[in-house]
Each structure stands twice: as C-alpha cells, then as structure tokens.
Amino acid sequence: MANKKIKEVTRYIKKDVERELWARAAGRCQFNGCNRILYKSPVTQERVNISEKAHIYSFSEDGPRGWGPFKKNPQGLNDVGNLMLMCHDCHKTIDQDKDGTKYSGSLLQQWKKEHEHRVVTVTGIASNRKSHVVFYGSNIGEQRSPLQQEDAMEAMFPERYPVSENSVCLSMSCSHEDKTAAFWESESAHLNRAFDQKILPLIENDQTKHFSLFSLAPIPLLIQLGALFTDKISVETYQPIKEPKGWHWQEFPDGFEFLIKKPKDVNGTPVLVLSLSDIINHERIRAVMGEQVSVWELTVPEEFIGNDNIRNRAQLSLMRSVIRKLMVLIKDVHGVTTPLSVFPAMAVSCSIEMGRARMPKADMPWVIYDQNNKEKKFIKAITIGDSQ
C-alpha cells in the first residue's frame, strides 16, 4: 500500500496551493535574512517570476531532510505547510546540505513561520499608521553621527511603518569644526533650506502628515529643528538609549519629574539653564554673561541627571508642557521682546521637543549657547527669533 502511495506522488503543485504560498510569503524569499522580491528582476526591475517552490521535507525520500513526518503520507509533501517560496540561490543553498544537518526541517519550518507571521503583522497595520522617516545628523565635536535605516524601522514597528523605503535625510557634512562661527552659520542655514525643500512639501501636499524623527546632532541645531516642525505637526521624536542600546522606548522611570528653579534676583539679564543630562554650574554662565544675570533653571531629581534619563515618550510630553510654563513665567518677568540666553545640557529628544514647544509669535528670542570643549567654555551658537 505504501509503495502505491509513493508512486502516486508527483512534483505537481496545485494552483490554489501556489497562490496561498505566494500570499503567505508576500512575494518574497522566505530564507531567513534574504527577503528578496521574487516578482521582478533585481537588475532591470522588469516583471518576471524568479521564485522557486522549495520543499522543507524533500520530494525524494533520499533527498535533503528526507520525508520526515511524511513517511506514512507522502501525499502531504506538496501541501503549503511543507513549501517555502525561495529565490534560486537560497533554494540551492538549503539543498546543498545533503544530510539536512545545517538546514534541518525544523529550522526551515521555524523560518517559514516567522516570515509568515511578520507578513500578517505588517499587513495588519492600519493605513493611518504610516509615517515619513526623517534623519538629521551633524558633526558632534570631531565625531560623525551614525544613523541607521534598519534601527529606525525596528524602533517604529509595529506602531508605525514608513511611507516608503526612502527616508528623508536633512543631514549635511560640514568641513568646519563646531567651535567656529562658520560651522553654526552653515549648518543652521543648511537645516533651514533642507527643511523648506524636503519637509514643507510633504506637510503641504502629502496625504501622510506624520513624521518619525531620528537625530544625532549638537543641541542648538536640534532645538532649531524642533522649532521648524513646531507642535502643530504630528511628530514622533525618538531617543537613542544606551542601555539597552537602541531607539526602542522603555518603561517610564519611576519618580521622574521636571523641576523649575526660579532666580532670587529677577533684575538681571534673563538666562535659562537646562541641567538635565549634566549639572551646569552657574559660575560658567557668569563667566560668559557677566554677574548681572537672572538664572532660571530646569532640572530633574539628582538621581536622574545623566545622558540616559529619557526612556519614555511621555517624558517628552512633560518636557513640552514645562517649557511652555517656563516661557510664560519668564516673559511675565522680563517681557516678550527681551532675548533669552539658553545654556543647555540635555538629551537629543528633549532638545527637539524644547524647539517644538516654542511659540514663534509669542515667545521671546532665544540665543542658544553650546559648550565648546576646545575653548573650554560656552559659546554663542544659534539665535531663534528676532533678537533686535
């Protein structure tokens, strides 16, 4: 009886099985890490079927991986559960493992399951979860800012997914070191131009008006970027977290809060110090601004001072709220036309959200300083708003 069943087995795969296999694989190679599109040429982009239907447990009993669980019923070898959609290269790779030790049946089944689960998850995301991925990187000291597309996609998923495979890049490579006035002038001007050319058309004309922002740049430029977006646009600002390394949000830190410290003397030049990632000694401010200053300070509890203190998106919502409150307090004392000197030490995401919280028509001008390690002092970097 068994011999009769074996003779009845053919390589023919029914059309409905093939259609289901294609649907489950979303037209991509199911070999783990390949994911090649199988309905067009990778060279000419012409429409052509380059797929192969690979058996997990082999069609031939003495082939790679053998018949496995199908020894008693080889008819099931051509069912969709025993087939993987693959490109020619990956199909040849698994079948070169003649004894099936490296690419075992159980391993291939796991890959198939993971691939098909990913397809179901991604295609199940509602269309209103699309987002434009925006990268902004600039020189930080003598270092370049590495931003990786794969890291961004992983951080967004599954709440958001990109509008297209191409991200919006606002970065530039400036030849000046960040201690020079030329650096700040060229980077600031470039950021304004890039925003006008690449972001404004999407805000005005594209159906998707949500942006996922990944940035690594000096704080003054990040504040400027946030001010360009404003809080009128839907933006998800991501934070690079060191431990565990990545852009994924973590749990809200228990006990975290923002603290406002008002000046004892409000008759001097208004200064805002942001001691969030580090404590800024006020003597460093007076060394630049002179003794007649009124120092307003935004900080956090001592145990949260550090470079990795922003771990949850709710902290950024708090940041915007407290900045708006601070601006009202400072304007009530010093007036709306008086420039506010800003001395920041804070995380990437906080810098952007501070800029987003700015109200262009209502807030005083911001003169933003940056700590220059070579000069060993704060230097004036960027002005946002009319400082005349």
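Buried, in this notebook, means under 20% relative accessible area. I am working from a predicted model, so I keep that in mind throughout.

**Entry 1: a glycine in helix 10**

I started with G355, which sits in helix 10, the stretch covering residues 348–357. Is G355 buried or exposed? Its relative accessibility is 0%, so I put it down as buried. Next I looked up its contacts, leaving aside residues up to four places away in sequence: G355 touches I223, G226, A227 and W366. I also took one distance for reference. K262 is 93 residues from G355 along the chain, and their C-alpha atoms are 21 Å apart.

**Entry 2: the second largest pocket**

I then turned to the second largest pocket, which holds about 860 Å³ of space. Its lining comes to 21 residues, and those nearest the centre are R28, N35, R118, V122 and P162. Three elements give two or more residues each to this lining: helix 4 (105–123), helix 5 (149–156) and strand 4 (161–162). Which element gives the most? I found that helix 4 does, with 5 residues. Sorting the lining by class, I got 10 nonpolar, 5 polar and 6 charged residues.

**Entry 3: cysteines**

How many disulfides are there? My count is 0, taking a disulfide as a pair of cysteine sulfur atoms within 2.5 Å. C87 was worth a look here: the nearest cysteine sulfur belongs to C90 and is 3.5 Å away, and C87 is in no disulfide. C87 has 1% relative accessibility, so I list it as buried. C350 also goes down as buried, because its relative accessible area is 1%.

**Entry 4: cis peptide bonds**

A reminder to myself before this search: most peptide bonds are trans. I noted a cis bond between F157 and P158, with omega at about 5 degrees. P158 is placed in the loop between helix 5 and strand 4, and those two elements both turned up in the pocket lining of Entry 2. I noted another cis bond between E243 and P244, where omega is about -10 degrees. Where is P244 found? I located it in the loop that runs between strand 7 (234–237) and strand 8 (259–261).

**Entry 5: positive phi**

Most residues other than glycine have a negative phi. With that in mind I picked out A26, whose phi is positive, near 55 degrees. A26 belongs to the loop between helix 2 (15–25) and strand 1 (51–55). At 39% relative accessibility it is partly exposed, because that class lies between the 20% and 50% cut-offs.

K376 is not a glycine either, and has a positive phi of about 60 degrees. I found K376 in the loop between strand 12 (366–372) and strand 13 (377–384). Its relative accessibility is 71%, so I mark K376 as exposed, the cut-off being over 50%.

**Entry 6: the hairpin around K376**

Following K376 led me to the strands on either side. How do strand 12 and strand 13 run, and how many bridges join them? They run antiparallel, and 7 bridges join them. For one facing pair I wrote down D370, which stands opposite I379 in strand 13. The hairpin has 4 residues between its strands, and this is where K376 takes its positive phi. One last link back to Entry 1: W366, among the contacts of G355, has the number at which strand 12 begins.

Terms used
Residues numbered from 1 in each chain as written. Predicted model: local features only at pLDDT ≥ 70, side-chain atom pairs only at ≥ 80, totals over all residues. Heavy atoms only, no water. Buried < 20%, exposed > 50% of the residue type's maximum accessible area, 1.4 Å probe, protein only. Contact = heavy atoms within 4.5 Å. 1 Å grid on protein atoms, 1.4 Å probe; cavity = no way out; pocket = protein on both sides within 12 Å on 5 of 7 lines; lining within 4 Å. Points joined across faces, edges and corners; volume = space filled by probe spheres on them. Nonpolar A, V, L, I, M, F, W, Y, C, P; charged D, E, K, R; others polar. Pairing = 2+ DSSP bridges.
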